[in-house]
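Got the viewer open and a hand free for the selection box? Let's take a walk through this one, stop by stop.

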Amino acid sequence: MPPADLNALHPDIWPRGAARRDGVLTLCGVDVRDLAARFGTPVLVADEEDVRGRAREYLEAFGPDGGVFYAAKAFCSRAVLRWVHSEGLGIDVCSGGELEVALSADVDPAMITLHGNNKLPAEIERAVAAGIGHIVVDSFEEIARVAFFAAQAGTRARVLVRVTTGVEAHTHEFMATAHDDQKFGFSLASGAADEAVRRVLALPSLLFAGLHSHIGSQIFDTAGFEVAAHRVIELAARIHGEHGVHVEELDLGGGFGIAYTPDDDPPDVKSLTSSLRAIVAFQCSAVGLPIPKLTIEPGRAIVGPSTVTLYEVGTIKDVDGLRTYVSVDGGMSDNIRTALYDASYTVVLASRTSDAAPMLSRVVGRHCESGDIVVRDCYLPADLAPGDLLAVAATGAYCRSMASNYNHLTKPGVVAVRDGAASEIVRRETLDDLLRLDVG
Ligand SMILES: *Cc1c(COP(=O)(O)O)cnc(C)c1O
């Protein structure tokens with residue numbers, strides 16, 4: 001069914017600063033035609049105040065005794081890390097590269113957490129030397145490595161033990177991370193998690209900071225978090241029984257879903273966070289434990305809704321009786337999520353409005369793959385023409401950060417908009433950038 005109004009901007013899907021002015025999409029007062037002319041297309045346009053607002057809402061909802069860490073892998077640039085850090089969020093990083101961005105953005109090292117199932121020794125060494133707040137240990141080899149580098153540096157590294165709770169999160173298989181048959185964490189069911197805590201407590205260069213559980217991504221209901229919290233708190237009770245140690249911190253990970261289409265109905269921040277806190281408080285009182293400091297790690301929910309991708313329409317191919325293929329000047333190199341996760345997106349004609357009839361369309365990229373789809377099913381006005389600008393909503397998370405140079409396309413730039421002004425925060429790649437790497 002086509003939407004009632006092809007030109008409408010659903011408030012849950014578009015950035016808070018998005019509006020139509022004289023029919024043209026504007027972002028924080030900046031006309032998308034000007035953005036395209038100045039920065040080229042495709043381009044990702046991030047509403048700074050949208051990001052900051054969401055960061056504040058998580059922090060406020062979670063309260064002063066909780067901690068909110070932005071998962072930088074969703075989108076990692078110095079500007080965005082500065083925005084969220086200045087609002088009071090810590091930063092989660094998953095690699096040495098993300099760690100360097102955070103350090104070079106002057107994020108307080110004490111508010112950085114390092115994740116990863118295969119952290120390289122050099123990354124661990126750097127994290128220890130930088131004095132970052134937490135390293136989340138994911139394997140027995142890594143416990144030994146972190147202990148080694150901390151001992152060598154003459155410090156104690158604060159570690160969280162990542163627990164795989166066996167929860168089957170209701171999301172795409174590749175976005176679920178807590179069932180036993182996958183690569184992350186220490187299994188609760190096998191006893192590996194208990195053993196990991198034992199080893200951490202036995203190593204003098206490690207400080208056991210608490211437990212970590214991340215069940216997956218793009219999750220809409222709190223049931224999975226409830227089961228995960230229940231199981232982790234049972235582990236906390238066993239730890240107390242065996243070692244007399246209280247688990248002081250419980251990190252419940254990220255994964256809070258956002259709306260990509262009008263069918264998505266994510267929980268609001270306040271009810272989500274208060275139910276998480278209630279679940280943990282209830283479980284702790286059931287086993288007679290004090291309530292640990294709670295932390296969460298939203299990535300997508302902070303940056304996802306803030307950003308739109310602008311594309312220019314190129315060729316248009318009508319497949320009789322089926323649909324119209326609308327090719328744009330980017331594709332799977334700037335948004336792999338449709339191909340990888342079968343993700344859905346919302347797209348509108350941005351450079352003008354149209355009263356033409358809705359045309360069942362598929363927005364595709366310009367790569368040599370028939371799976372190179374940006375928006376699988378959508379309606380666009382039948383008078384769409386080459387040169388029109390399309391805007392795809394909610395591309396702030398896992399689009400630019402997963403971008404590739406497939407077909408030697410250059411990665412798009414990222415532009416921040418605020419109060420009627422635009423500035424590039426990640427420069428558009430040039431062909432010279434690519435050719436410089438080709439040293440053969
Ligand atoms: C990916 C990830 C997150 C963030 O997930 P979102 O779905 O972007 O909120 C948080 N914590 C860990 C450990 C992750 O791997």
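The tour goes from a small sheet to the ligand and then to the cavities.

Before you click, note that this is a predicted model, where local features need pLDDT of at least 70, side-chain atom pairs count only at pLDDT 80 or more, and totals for chains, interfaces and linings use all residues. Numbering starts from 1 along each chain as its sequence is written, and side-chain values use heavy atoms, with hydrogens and water left out.

**Stop 1: the sheet**

Select 18-21, 24-27 and 30-31. You have β1 (18-21) and β3 (30-31) as the edge strands, each pairing on one side only, in an open antiparallel sheet ordered β1-β2-β3. Strands here are DSSP runs of E with at least two residues, and helices are runs of H or I with at least four, both numbered from the N terminus; two strands pair if DSSP finds at least two bridges between them. Four bridges join β1 to β2 (residues 24-27). Show Ala18 with its bridge partner Leu27, then Arg21 opposite Val24. Now pick Asp22: in this hairpin, with two residues between the strands, Asp22 has a positive phi near 50°.

**Stop 2: the ligand**

Next, select the ligand and expand by 4 Å, since a residue is near a molecule if one of its heavy atoms lies within 4 Å of it. You should get 14 residues, the closest being Lys73, Ser217, Glu297, Arg300 and Tyr398. By class, the shell has three nonpolar, seven polar and four charged residues (Ala, Val, Leu, Ile, Met, Phe, Trp, Tyr, Cys and Pro count as nonpolar, Asp, Glu, Lys and Arg as charged, the others, Gly among them, as polar).

Which atoms of Arg300 and Gly255 should you zoom in on? A polar backbone atom of Arg300 sits 2.7 Å from a ligand oxygen, and a backbone N or O atom of Gly255 is 2.8 Å from a ligand oxygen. The protein buries 94% of the 390 Å² that the ligand exposes when taken alone (Shrake-Rupley accessible area, 1.4 Å probe).

**Stop 3: the largest cavity**

Now select Leu211, Val232, Ile233, Ala236, His246, Val247, Leu250, Cys284, Leu289, Pro290 and Pro292, which line the largest cavity. On a 1 Å grid over the protein atoms alone, a cavity is a set of points where a 1.4 Å probe fits but cannot get out, and lining residues have an atom within 4 Å of a point. This one has a volume of about 80 Å³, the space filled by probe spheres set on the points. Color helix α8 (residues 223-243): three lining residues, the largest share, come from there.

Technical notes: Polar contact = N/O pair within 3.5 Å; in protein donor to acceptor, adjacent residues only side chain to side chain. 1 Å grid on protein atoms, 1.4 Å probe; cavity = no way out; pocket = protein on both sides within 12 Å on 5 of 7 lines; lining within 4 Å.
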